[in-house]
Amino acid sequence: MRRPHYKRRTSLIVLFLIVALGLVLAGVFQGDTNETSAAPPITLPPGLYFYVTAYTPADGATEVALTERVEATFNRAVDPSTVNLASFYIYEKPSGPLLLTTITFNTTHTKAYLKPNAGLKANTVYIVGLSNYIKSKDLPILNLMPVEWSFKTVAPPKVLTRSPGVGATNVSVDQSVTVTFDKNMDWSTVTTDRFYLLEVGGGHVLTTMTKSADKRTARLDPLSDLKPSTTYKAVLVTGIKAENGLGLEGQSWTFTTAAAAAEAPQVVSTTPANGATAVPVGQTISAVFDKDMDAATLTTASFYVKKSGGAVLPATVSYSAGTRTAILDPAADLEPGATYQVTLTGAVKSAAGKALAGTPVNWSFATAAEAPQVVSTTPANGATAVPVGQTISAVFDKDMDAATLTTASFYVKKSGGAVLPATVSYSAGTRTAILDPAADLEPGATYQVTLTTAVKSAAGKALAGAPVNWSFATAASPPPPTIHFTDVPPGHPYHDAIADLATRGIISGY
């Protein structure tokens, strides 16, 4: 019987690839499975790799919880025996030792989860990596394309501002003591036995505490006026915590009240409050004093507002004697998503002619941002031939409120069908919402994705143009394989690899 005719070049390629395939498989079955060190990866021809398609936390993410589990998703199942502490690793930046971790997988081995045994450290940058020692489970000739990324863990809370300030003098005897934190606080830990006021050389001052709705500002109000010409100490002790679970460093500061005969007027409250966010752009600005004020000293030159880094804004100033309130009304709406600073100068005086204490008195606030927009989607609107295993995502132009991104507000359904079961997650680092259907989509079908009006930005603004819809079509089912090798039938250990090479037009014959 005559053999089919082969070109010499094709025969050499077939021989080389069959030998290489045998060597690769032999290396896989005889490889080292030690859990603390990885054998050198086998060098493969360019392009013979599989990939990481997603990972959590996102690259560059900040404020990552100390209990966060690291997750990697692959475009095909991995061989779990090749995933160990050295091939799926984590360490402190810049060059700390590899952390001891526990590695687990989902049932299909398309996701790997890494959890440090001792937990993560606060305010620390970590590097996570996957090496090309990791192999495909169903096609061991494929090594993983290596990848590294980094993230930073949550930081302990800090005190941003204090009132009265550190070492302040001439403080009003009816002054409240206020602290503003840089993080949302666990209010159950902020109590009058952890934040309190002492008379230096005396005892505790009886106070009541008020806490702001935004969980950033706590205020102590003495039950009676403080003593004039007296030094007081405000104390914050260990045990106060932020919502992220980390504790505030214990600290204290002192201030001295004004003499009885020379008491200056004080600002007791402002609108908006110092550090307020999401302030309406049409907000009127005001300051309440503890003394009757000289209205003639409250002018656009002594009471004004300007955008950070900008000029003073045109406005009108008025004074309500009954409430001891100065009102600053900008001539036009403020800009959305901008920071503004308000100032009361030393020209402001009480009705008794005393200059305002602590001048210039400044406070700042930020206006509400504009409505968020969807800037890109995956798949794109109108896309065709989309893989049936496609994860669906939307990228926004603003930081979003992750709690508003749910399976009720972000969903996919087949045209004319019901909403499909799925999971929804949000990557703050990339402003990306991810919709992961529980099962593969149907081939050759059209799907519609929806983001509803319930989706909001971190500033509380509803998604512009909601409901936002887009559609795509999945790829049709591939035709059944037509390549047959009588000497390598289905079930043969090399059948799938050789059939794949033939499909690519690399080999032919038998």
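**Exercise 1. Overall surface and composition**

What does the accessible surface of the protein come to, and what percentage of it belongs to carbon and sulfur atoms?

*Solution.* The structure is a predicted model. Its accessible surface comes to about 26,100 Å², and carbon and sulfur atoms contribute 55% of that area. Turning to the residues, 38% of the 510 in the protein count as buried. The secondary structure consists of 2 helices and 33 strands. Among contacts with a separation of 6 or more, 66% are between residues 24 or more positions apart.

**Exercise 2. Two acidic residues in strands**

Determine whether Glu 71 is buried or exposed, and assign Asp 329 to its accessibility class.

*Solution.* Begin with the location of Glu 71, which is in strand S4 (residues 70-74). Its relative accessible area is 18%. The cut-off for a buried residue is under 20%, so Glu 71 is classed as buried. Next, list its contacts beyond four places in sequence: Ala 54, Tyr 55, Thr 56, Lys 111, Ala 112, Tyr 113 and Trp 149.

Asp 329 belongs to strand S23 (residues 325-330). Its relative accessibility is 36%. Because this value falls between the 20% and 50% limits, Asp 329 counts as partly exposed. With residues up to four places away set aside, Asp 329 touches Thr 284, Ala 315 and Thr 316. A further distance concerns Val 317: it is 12 residues from Asp 329 along the chain, and the two C-alpha atoms are separated by 6.5 Å.

**Exercise 3. A four-stranded sheet**

Establish the strand order of the open sheet that contains S26 and identify its edge strands.

*Solution.* The sheet has 4 strands in the order S26-S28-S31-S30, and the pairing is antiparallel. Strand S26 (374-378) and strand S30 (422-427) each pair on one side only, which makes them the edge strands. On average, neighbouring strands of this sheet are turned by 15° against each other, with direction ignored.

Now examine the pairing at the S26 edge. S26 and strand S28 (residues 392-396) run antiparallel and are joined by 4 bridges. Within this pair, Ser 376 stands opposite Val 395 of S28. In general, the strands of a sheet pair through backbone hydrogen bonds, in either a parallel or an antiparallel manner.

**Exercise 4. Helix H2 and the residue that follows**

Which residues of helix H2 are buried, and what phi does Gly 505 take?

*Solution.* Helix H2 spans residues 495-503. Its buried residues are His 495, Ala 497, Ile 498, Ala 499, Leu 501 and Ala 502. Continuing just past H2, one reaches Gly 505, whose phi is positive, at about 80°.

Definitions and conventions: Residues numbered from 1 in each chain as written. Predicted model: local features only at pLDDT ≥ 70, side-chain atom pairs only at ≥ 80, totals over all residues. Heavy atoms only, no water. Buried < 20%, exposed > 50% of the residue type's maximum accessible area, 1.4 Å probe, protein only. Contact = heavy atoms within 4.5 Å. Areas by Shrake-Rupley, 256 points an atom, 1.4 Å probe, with all protein chains shown as cover. Pairing = 2+ DSSP bridges. Axes fitted to C-alpha atoms, helices over the stretch in contact; angles between N-to-C directions.
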